[in-house]
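Hello,

Here is the structure I promised to pass on to you. Please open it alongside this email, and then read on at your own pace.

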Amino acid sequence: MTAGTRALNRPMTLSLPRPRIASSQALTAFALLAPSGVFLALFTYWPVVQVLVGSLRIQGFGGAGTSGAGIWGAGTWGWGNYARLFADAHFRTAVVNTAIYAAGTILPGIALSLLFAVALRETNWLTGVLRTLVALPMLIPLVAAAALFAFIFLPEAGLLDHYLGRFGLAETNWLGDPSLALGSIIAISIWKNCGYYMLFFLAGLAGVPQDLLDAARIDGANALQRFFRITLPLLGPTLLFVGVIATLNAVTQIDHVIVLTDGGPSDATSMMLFYIYQQAHQNFDLGLASAATVVSVAFLFALSAASIRRLERGIHYES
Amino acid sequence: MRLHLSATLAALLLAGGAARAATDIDMYFPVPVQGKLAVEMQKVIGDFNKSHPDINVTAVYTGSYDDTNLKTHAAIKAGKPPAVVIMSANFVREYVIDNEIENLDPLIAKDGQTVDQFESEFWPALKLNSTEGGHVYGVPFQNSTPLLYYSVDAFKDAGLDPNKPPVTWQDFVTDAKKLVKRDDGNTTRWGFMMPGTYDYCGWITSALAMSNGGDFYNTGYGGEVYYNTPTTIGAVKLLDNLVHKDKAMPEGVTDANAVTTAFFQGRLGMMVLSTGALSFVRDNMKTPYRTAFLPRALVNAAPIGGASLILPKGNSPEREAAAWTLMKWLVSPEVAGRWSRFTGYFAPRIAAYDLPDMKSFMAAHPNAKVALDQLQYARGWFSTYNVVGVRKALEDGVQAVLAGKATPEAAMAKAQQEADALLRPYVEQTALKVPE
Amino acid sequence: MKADRVPKADRVWLALAGLGALLWVIPFAWMAVASVREAGAGAPDLAALWPSGPFGWRNFADAWSAGSFPLWYLNTLLVCGGILLIQCITVSLAGYAFARLRFRGATVLFYLFLLQLMLAPPILIVPNMATLISLHLYDTLPGIMAPYCASAFGVFLMRQTFRSLPRDYEEAAVVDGASRLRIIWHVLLPLARPGLIAFAIVSVTSHWNEFLWPLMATSSPSNQVLTVGLASFTSGAEAGSEWGVIAAGTFFVAAPLLVVFVLFQRRFVESFTYSGIK
C-alpha cells in the first residue's frame with residue numbers, strides 16, 4: 001500500500017478554513033477552477049447546448065452539410081428531426097441493441113470480475129500472475145482486441161470453431177448470424193473489461209476487515225453466508241462505482257462494432273453511438289445525429305443525477 | 001539568333017526548375033489485402049518520385065474502400081484535400097453531385113486530347129463510372145469484376161468436370177448442390193460462398209440482378225434504384241434457395257476472410273470474389289483452381305468494380321498539375337500492366353495488353369484472361385446520391401434473407417422504401433424540381 | 001499465507017480462477033503464435049495454439065513496412081503526454097480548490113464538474129467536431145487532446161488526495177507568506193504523488209487505447225494515432241486477411257503498455273486500487 005492509500009484511510013477531520021483568508025477564498029477558488037472550467041465549458045457544456053440547437057434545425061439537401069460548422073448554418077427550425085428520429089426503425093433497433101448490450105455486459109461483467117477478485121484476493125506470487133493475466137485485456141485498445149477476435153470468431157477455421165469443432169460444435173457463424181452477433185460483441189466487451197473491474201473490487205476487498213470474516217467463520221458462517229452477509233454489503237460503494245463505469249462503457253465503447261461488423265448484419269449490432277456516428281459521418285445528416293445525441297445525453301444526465309450524489313457520499317464515508 | 005534565344009530560355013527554365021522546390025502532393029490509397037500490396041504501392045510511388053524529381057508524392061494507406069471514402073470526405077470538408085485519391089469507382093458520382101472533385105476535361109484538353117480520344121484508351125465498360133454528363137471526373141486505375149472461382153479437386157471429387165464450370169443459374173445450382181459434402185450433420189464442404197458483408201454484398205447482388213436481366217440502378221441519374229423489382233427479387237431468391245432450400249451455402253453473413261479461408265482449406269467448392277483477389281488466391285491456394293464467368297439467368301453480365309483516380313477540389317494549381325502528372329503516369333500502359341500483374345485487377349488501359357510482359361503473363365495465367373474476357377459483358381457499377389446509405393438499405397435486406405429472417409419479397413420491398421427515403425432530398429431538388 | 005491454512009473451498013475457487021485466467025489469455029497466445037508463423041492465409045492449422053513451423057519474423061517486417069508505426073507511436077506519445085501534462089495542471093488546481101477552499105456554490109460547481117464523467121467526449125462527437133473546426137483545431141493533435149484537458153475524474157481524485165493530507169505544512173507555509181500556487185506546487189503536490197501517479201496511469205491507459213474520437217477528430221494520415229492506424233491496417237477491401245500480418249500489427253500496438261504493465265505490475269495494481277477509492 002502506498003502512503004497515499006494509508007492517508008486516505010485515515011478518518012477525515014473536518015477543519016474549517018481560517019477566517020483570516022476566507023474573504024479572498026471565493027476569488028482564489030474561481031481562479032483555480034478557471035483552467036478546468038474553460039475546457040469543460042468548451043467541450044462539455046457548450047456541446048450540449050449545440051446539440052440541443054442542432055437537433056431543432058432542419059437541414060436541406062446541399063445546405064450547410066458541406067461547411068464545417070454545420071450546426072449553425074442556415075435552415076428552418078422545428079421538431080422534424082425528432083419526428084424522423086423516432087420514426088426511424090434503425091434508431092429503435094439501435095436503442096434496443098444498446099439496452100441488450102448494457103444488460104449483457106454490465107451484470108455478467110460485474111459478477112465475473114467480482115468472482116475473480118474474491119478468488120484472487122490473497123496476495124502471493126500465484127494470484128499475482130493470475131491477476132496479471134486477467135488484467136491484460138484492459139491494456140490493449142478495443143480495436144486491437146477486435147482485430148484478434150476477428151480471427152477467433154472466424155466461422156469453422158477460427159480459434160473458437162477450431163476447438164469447439166473437436167466437441168462436434170463447429171460451424172457457428174459468430175458475427176454473421178444476426179441472432180448471435182450482438183452476443184459475440186458482448187463477449188468481447190466482457191473479456192476486455194473484466195480485469196479492469198476486478199482491480200476495483202480487489203481494492204474494495206482490501207477494505208473488508210479480515211477479523212470480521214474470521215469471526216464470522218468461527219461463528220459457523222459458511223463461505224456463501226460470509227460473502228453475502230459481510231463482504232457484499234461492505235462492497236456497496238465499489239459496486240456502485242463499477243456499475244457506473246460499466247454503464248458508461250456500454251454507452252460509449254463501440255470501437256469493436258466499427259471494426260468488426262459495421263453495425264451489421266442487418267443492424268444487429270448497431271447501437272446508439274454507432275447510429276450517431278453513422279448519421280454524422282456516413283449520411284452527413286447532422287440534424288438526425290444531433291437529435292440522437294440529445295436523447296443519449298438525456299439518458300446519461302438522468303443516470304448522473306441518480307448516481308453522482310450517492311457515489312460521492314459513498315466515497316466520503318469510506319475516506 | 002532563334003537558337004540562341006531558345007537555349008537561353010531552356011537554361012532559364014532549368015535554373016528555375018532547380019531553384020524551385022519539388023511540389024509535395026499526397027495520395028490516399030486503399031488495397032484489397034494487407035501487407036504485400038501496400039508495400040508494392042509504396043514501391044510504385046517510390047519509382048515515380050525517382051523519375052520525377054520535381055514532384056514528391058507521399059502515398060498514404062487509408063484502409064478499405066469505404067474507409068478511404070470517409071477519410072477523403074472528411075479531409076475535403078476540413079479544407080485539407082489530398083491531391084489524388086484512388087477512389088472506389090462508384091463513389092465518383094456522389095463527389096460530382098457534392099461538387100467536391102475537379103472536372104478533368106481542361107487537363108485533358110491541355111494535353112491536346114479530346115475527351116473522346118482520352119476515353120477511347122480505356123475499356124468501354126469503365127466509362128459509366130468515370131464520366132458524368134459527358135465530362136471526365138475519374139481516371140480508371142485498378143478495375144475488377146466479380147468472378148466465379150472454383151476448386152478443381154472439389155469438382156473432381158463431386159463427379160463434376162472441372163473443364164465445364166456452370167454457365168447458367170440452373171447449372172450453378174445443380175453444381176452447388178453436388179459439391180456439398182456432409183459428415184453426420186457437419187458440413188465438411190460447402191457448394192458456394194460469397195462475402196455478404198457491407199460493400200461486397202451489394203456488389204454481388206447487383207451482379208446477379210443484372211444477369212437476371214435487370215438494370216439495378218439508373219445509370220444516367222443518381223436518384224433511382226431498382227430493388228423492389230422482379231429481377232432483383234429473383235437474384236435474392238437464388239441466394240435464399242441456396243442457403244435454405246439446398247443447404248449449399250452457409251446461413252448468415254460470411255466475410256471475405258471466411259470465404260477465402262474456407263476455399264484455401266478445401267472446405268468450399270465455388271466462390272464469387274473480385275478479380276482483385278486473383279493474386280491473393282494464387283499465393284495462398286495450394287490445390288488447383290480455375291475461374292469462370294458469373295453464371296447467367298438471361299444474359300452474361302457483371303458490374304465493374306475497383307477504383308478510379310480522382311482529383312479533389314481545393315488543391316493549388318501546382319498541386320493539380322503534379323497530381324495530373326502522377327495520374328497519367330499511373331495509368332500508363334507499363335505501370336498499369338505492372339500493377340495488374342501484381343494484384344489481379346485488370347489494367348484499365350487497353351494498350352497495356354499489347355506489351356510483351358503482359359502478353360506472356362496472360363499466356364501463363366489463363367485465370368487472368370477469363371477476367372479480361374468477361375469485360376465485354378461488363379456494366380456500370382451502382383452509383384447514386386448517398387451511395388453508402390442507399391447500398392446499405394439493400395444489404396440489410398439481403399443479410400436478413402441470408403439469415404432466414406425475411407423473405408426476398410418483403411426484404412426488397414423494405415429496402416426499396418428505405419433507399420427511396422434516403423434519396424428523397426436529392427430527388428426533390430433535381431428530378432422533381434421542374435420549372436414553374 | 002501458509003498453504004495448510006487455506007481452506008479447501010478457497011483452493012477450489014483459486015483453481016477455477018486459474019482456469020478462467022488461462023481462458024482469458026488465449027487471444028494473446030494466438031497473437032503470439034500467429035505473428036511468428038510464416039504459413040499464409042490458407043494454412044489448415046491456422047487456429048492451432050500449439051506452435052508448428054515454419055517460424056520467422058516476416059510478418060513483423062511486412063506489418064512494419066505496411067503501416068507507419070514510427071509515426072503512429074510518436075503521435076500517440078505526443079497525444080497521451082500532452083493530455084497528461086495539461087490535465088496535471090488543471091486537476092491539481094481544481095482539486096485543491098474543492099478540497100481546501102470554502103466558497104458559495106462549491107457543491108453545485110462540484111456536481112457540474114462531475115457531469116463530465118458521464119457526458120464523455122465520444123457521446124458528444126458531433127458538436128465537438130464543430131467546435132474543433134471553428135477553433136481551427138480539426139485534424140491536429142491538439143484537437144485530439146482538447147476535450148480531455150479537463151478531467152472530472154482527476155479533479156475528484158485530487159480532491160480526495162488533498163483532503164487526506166495533513167494541513168500542518170500548508171499552514172506553516174501560509175504563515176511564511178508563500179503564495180497559494182507555491183504551496184500547491186512545492187508543498188502539496190510532492191505529498192500527493194501517489195494520487196497523481198494513479199491518475200497518470202488511468203489517463204495514459206485510456207488515451208493510448210482510445211479510437212473513436214481520434215478517428216473523428218483527424219483526417220490526415222500524418223495525424224493518425226496507433227489505434228486509428230491499426231484499424232485501417234486490419235481492414236482489407238476485397239480479398240481476405242493475412243492473419244500473421246494482422247497479429248504482428250496488433251502486437252506492435254499492444255506491446256508497449258503490456259510490457260510496462262508486466263514490468264511495473266505491482267505499481268499498476270496499487271494505483272488502480274488507489275484510484276478506485278471505493
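Below is what I found, going chain by chain.

Before you start, please keep in mind that this is a predicted model.

**Chain B: two domains**

Chain B is the one I spent most time on. Its domain assignment gives domain 1 (21-143 + 305-379) and domain 2 (146-303 + 381-430). Taken over C-alpha atoms, the centres of domain 1 of chain B and domain 2 of chain B are separated by 27 Å. Where they meet, domain 1 of chain B brings 29 residues into contact with 27 residues of domain 2 of chain B. On the domain 1 side, the elements that give two or more residues include helix H3 (65-77), helix H15 (333-343) and strand E14 (378-379) of chain B, along with H7 and E13. The most comes from H17(B), with 5 residues. By class, that side of domain 1 of chain B has 16 nonpolar, 9 polar and 4 charged residues.

**Chain B: two sheets**

One open sheet of chain B has 5 strands in the order E2-E1-E3-E13-E6, with mixed pairing. Its edge strands are E2 (55-61) and E6 (139-144) of chain B, each of which pairs on one side only. Direction ignored, neighbouring strands in this sheet are turned by 20° against each other on average. If you would like a pair to look at, E6(B) runs antiparallel to strand E13 (residues 305-310) of chain B, and 5 bridges join them. There you can find B:Ser144 opposite B:Gly305 in E13(B).

The other open sheet I looked at in chain B also has mixed pairing, and its 5 strands follow the order E8-E9-E10-E7-E11. Strand E8 (181-183) and strand E11 (289-292) of chain B are at the edges with a single partner strand each, so one side of each has no neighbour in the sheet. On average, neighbouring strands here are turned by 25° against each other, direction ignored. Within this sheet, strand E9 (residues 186-193) and strand E10 (residues 268-274) of chain B pair in the parallel sense over 3 bridges. B:Trp190 stands opposite B:Leu268 in E10(B). Lying across E9 and E10 of chain B is helix H9 (residues 169-179) of chain B, which runs at about 160° to E9(B).

**One residue to click on: B:Asn129**

You will find B:Asn129 in helix H7 (residues 127-130) of chain B. Is B:Asn129 buried or exposed? B:Asn129 counts as buried because it has 29 C-beta neighbours inside 10 Å, and 20 or more are enough for that label. Leaving aside residues up to four places away in sequence, B:Asn129 touches B:Ala89, B:Asn90, B:Val92, B:Gly138, B:Ile304, B:Ser308, B:Gly380, B:Trp381 and B:Ser383. B:Ser88 is 41 residues from B:Asn129 in sequence, while their C-alpha atoms are 9.6 Å apart in space.

**Chain A: a helical chain**

The secondary structure of chain A comes to 14 helices and 2 strands. Of its 319 residues, 46% are buried. If you take the contacts in chain A between residues at least 6 apart in sequence, 66% of them join residues at least 24 apart.

For a helix pair, try helix H4 (residues 89-119) and helix H11 (residues 236-252) of chain A: their axes come within 9 Å and cross at roughly 145°. The crossing of H4(A) past H11(A) is right-handed. Among the residues that make the contact are A:Tyr101, A:Thr105 and A:Ile106 of H4(A), and A:Val242, A:Ala246 and A:Thr247 of H11(A). The residues of this contact divide into 8 nonpolar, 5 polar and no charged.

**Chain C and its contact with chain A**

How many residues does the contact take from chain C and from chain A? It takes 89 residues from chain C and 98 residues from chain A. On the chain C side, helix H1 (residues 8-36) of chain C gives the most, with 14 residues. That side has 63 nonpolar, 19 polar and 7 charged residues.

Chain C is itself divided into domain 1 (8-56) and domain 2 (63-275). The C-alpha centres of these two domains of chain C lie 32 Å apart. In the contact between them, 7 residues of domain 1 of chain C meet 9 residues of domain 2 of chain C. The domain 1 side of that contact has 4 nonpolar, 2 polar and 1 charged residues.

Happy browsing, and best wishes

Terms used
Residues are numbered from 1 along each chain as its sequence is written. Chains are lettered from A and ligands numbered from 1 in the order in which they are written. This is a predicted model: local features need pLDDT of at least 70, side-chain atom pairs count only at pLDDT 80 or more; totals for chains, interfaces and linings use all residues. Helices (H or I, at least four residues) and strands (E, at least two) are DSSP runs, numbered from the N terminus. A residue is buried if 20 or more other C-beta atoms lie within 10 Å of its own, exposed if 12 or fewer, and partly exposed in between; C-beta atoms are placed from the backbone. Two residues are in contact if their C-beta atoms, placed from the backbone, lie within 7 Å. Ala, Val, Leu, Ile, Met, Phe, Trp, Tyr, Cys and Pro count as nonpolar, Asp, Glu, Lys and Arg as charged, and the others, Gly among them, as polar. Domain bounds come from an automatic or database domain assignment. Two strands pair if DSSP finds at least two bridges between them. Axes are lines fitted to C-alpha atoms, for helices over the stretch in contact, and angles run from 0 to 180 degrees between N-to-C directions. A crossing is left-handed if the near helix is turned anticlockwise from the far one by less than a right angle, and right-handed if clockwise.
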